[in-house]
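Thank you all for coming, and please have the sequence and the model open while I talk. I will go through a few places one by one, and I would ask you to find each of them on your own screen as we reach it.

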Amino acid sequence: MTLAAAGMLFASQLAHAAGIQVAPPDGEKFSYAWLKGYASNMAKTPYQDHKGELPASLKNLDWDEYQQIHFRKDKALWKDTDGDFRAELFHLGLYFDTPIQLYQLQDGEVSPIKYNAKMFDYGKSKLKNKKLPQDLGFAGFRMQFHTDWERDVIAFLGASYFRAVGKEMQYGLSARGLAIDTAMPKPEEFPVFTDFWMEAPKKDDGTTTIYALMDSPSVTGAYRFDITPGERLKMHVDAAVYPRKAVERLGVAPLTSMYMVGENDRRTSYDWRPEIHDSDGLAMHTGNGEWIWRPLGNPENLRFNAYSDDNPKGFGLMQRDRNFDHYQDDGVFYEKRPNLWIEPTSDWGKGSVQLVEIPTLDETFDNIVAFWNPAQPVEAGQELLFSYNMFWGGTVPFDTQRAEVVNTFTGLGGVIGKKRPYYSKRFVVDFKGGLLDSLGKDVKVKPVITTSAGRVEITSARPLASIDGYRAMFDLVPADDSSTDPINLRLYLEANGQPLTETWIYQWNPPAKEDRELHNAGHLK
């Protein structure tokens, strides 16, 4: 190790031990290359956890007290400039108990943004007259765009979590910088963005750039975010990850959302609202060009699926159902929640899109996680580079040229008016778009259905005038009258041997034998 490298390592340890400024040495300007070098060297040092390093007065805040603390808008960063962005800061306290450091960048020169109690209105919280340390740090920040100084376009708060909005200006699902060991038989690790550098915004630029340093027991990382608000907010992300040790399950571009109840999954249907979810499906564009739609669910037990791919073209958690009548929630407006699409812009190689669905009884719990997991083993000393675009908003940045799934309904199978002799599950899938609304009357549309187990029967595909599309229906009879093992289903529509739609995939767990009610009315024969 060179003397310079050793000095950088020592500086890294001091910075994260004492909260001193993290910046290039005198005479050197800040750059992403410098930040990557810093993170790489930091990965060679022991991890130091700073969670909970707060005064007792902040640790002991309850929810209502924390909600009393507000950043003063007259103290917003860049308020007195003609730049396109402003930033407001989040105070530490309650769940947000890991201090982070913020910096401003101006032509490569670093200026620390220092905590000052005068930045905040403490309302009726018990912090109003408390003296807090001048080097306290912050919990995170949010930014506004010049088209609306009142509402946020993006916010970074907690671990490596962040959220953004499209033209609907409605928050919904979240993203993270990285996920480690999600849904493993051991505690999940949550890397933290410990330091942020924010480029001073310029007038009429339309894009702002943020850099972040990541730290955790297993990895360090350097991130660059180029953020451009619009009808869909676009973020270009460059990520460099440096493992301190082997990681069993690395989650790249992780997305976190909520699905409690919807048209295809009524397990928690005790709420008066018909549907409750931030996202209703996982969309994938595979390396070989196939478009896939996987409806989300709220399973009785944790459900994990991995969809293998090679250089995926994209994936994301979507809120396709944008009809208020389907939610009836005039408080949080689920129909306005943004989609989030990930588009790789570098070679991601082999791996899998992985989906985790966790049981939930409450909409305040994020129970859906999706991410890319590289097939290559993650070992200490590597440099892992990922580049991708993120698109947030009610519309999507692509045209599949195929009809898309717009509804998935499930229920009891059988023929109406006839006694059911055995248990089956009915699946109804509606497709819209592509060529479906222009097909001639003589064109025969066929559902192509495959299942990993059981028997498919009563299949059909017919026009559905109400949506200018097609409805496919089929029943699935479980192969075993007692097994609750998951069954995987695939469906698409074709004509003359050519696919017309994206591929609908689904995983269904048959109920236990004692729960397979046939619900036959007494008059049926």
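Ala-253 is counted as buried, because its relative accessibility is 1% and buried means under 20% relative accessible area. The residue belongs to strand E15, which covers residues 250–257, and although Ala-253 is not a glycine, its phi is positive, at about 50°. I should say at once that we are looking at a predicted model, and everything that follows should be heard with that in mind.

Which other residue, not a glycine, has a positive phi near 50°? Ile-458 does, and this residue is found in strand E29. Is Ile-458 buried or partly exposed? With 40% relative accessibility, Ile-458 counts as partly exposed, whereas Ala-253, at 1%, counts as buried.

Since Ile-458 has brought us to strand E29, let us stay with the sheet around it. Four strands make up this open sheet, and if you read across it the order is E26-E27-E30-E29, with antiparallel pairing. Strand E26, residues 404–412, and strand E29, residues 455–464, are at the edges with a single partner strand each, and therefore one side of each has no neighbour in the sheet. Ignoring direction, neighbouring strands here are turned against each other by 15° on average. The partner of E29 is strand E30, residues 469–477, and the two run antiparallel with 8 bridges joining them. If you want one position to look at in this pairing, take Arg-462, which stands opposite Arg-471 in E30.

The next stop is strand E31, at residues 487–495, which pairs in the antiparallel sense with strand E28, residues 446–451, over 6 bridges. Within that pairing, Ile-449 has Leu-491 of E31 as its bridge partner. Leu-491 also has a bridge partner in E33, namely Trp-504, and E33, which spans residues 503–508, runs antiparallel to E31 and is joined to it by 5 bridges. Strand E32, residues 498–499, is likewise antiparallel to E31, with 2 bridges between them, and here Ala-495 is matched with Gln-498. E31 and E32 form a hairpin with 2 residues between them, and in that turn Asn-496 has a positive phi of about 55°.

Let me now step back to the chain as a whole. How many helices and how many strands does the protein chain have? The secondary structure comes to 4 helices and 33 strands. The radius of gyration is 26 Å, which is close to the 24 Å given by the globule rule for 525 residues, so the chain is as compact as a globular protein of that length. Along the principal axes, the C-alpha atoms fill a box of roughly 85 × 55 × 45 Å, and 53% of the 525 residues are buried.

That leads to the nonpolar cores. The largest has 85 residues, and the members that touch the most others are Leu-89, Phe-156, Tyr-223, Phe-225, Met-235, Met-390 and Trp-392. Another core lies apart from it and has 30 residues, including Ala-283, Ala-403, Phe-427 and Ala-472.

Finally, the aromatic rings, where the count comes to 40 pairs. One of them is formed by Phe-85 and Phe-145, a tilted pair with 4.9 Å from centre to centre and 50° between the planes. This pair links distant parts of the chain, as Phe-85 is in strand E2, residues 85–90, and Phe-145 is in strand E6, residues 140–145, with the two phenylalanines 60 residues apart. Phe-85 is buried, with a relative accessible area of 1%, and Phe-145 is buried as well, with 10%.

There is also an aromatic cluster, formed by Phe-141, Phe-156, Phe-162, Phe-193, Phe-196, Tyr-223, Phe-225 and Trp-392. You have already met Phe-156, Tyr-223, Phe-225 and Trp-392 among the residues that touch the most other members of the largest core.

Two rings with a charged group over them complete the tour. Arg-163 lies over the face of Tyr-171, at 4.3 Å from the ring centre, and the charged end of Lys-336 sits over the ring of Phe-333, at 4.8 Å from its centre.

Terms used:
Residues are numbered from 1 along each chain as its sequence is written. This is a predicted model: local features need pLDDT of at least 70, side-chain atom pairs count only at pLDDT 80 or more; totals for chains, interfaces and linings use all residues. Side-chain values use heavy atoms; hydrogens and water are left out. Two strands pair if DSSP finds at least two bridges between them. Axes are lines fitted to C-alpha atoms, for helices over the stretch in contact, and angles run from 0 to 180 degrees between N-to-C directions. A nonpolar core is a set of buried Ala, Val, Leu, Ile, Met, Phe, Trp, Tyr and Cys residues joined through side-chain atoms within 4.5 Å. Buried means under 20% relative accessible area, exposed over 50%, partly exposed in between (1.4 Å probe, protein chains only). Rings of Phe, Tyr and Trp (its six-membered ring) pair if their centres lie within 6.5 Å; planes under 30 degrees apart count as stacked, over 60 as edge-to-face and the rest as tilted. A charge sits over a ring if NZ of Lys or CZ of Arg is within 6 Å of the ring centre and within 35 degrees of the ring normal. The radius of gyration is taken over C-alpha atoms; the globule rule is 2.2 Å times the number of residues to the power 0.38.
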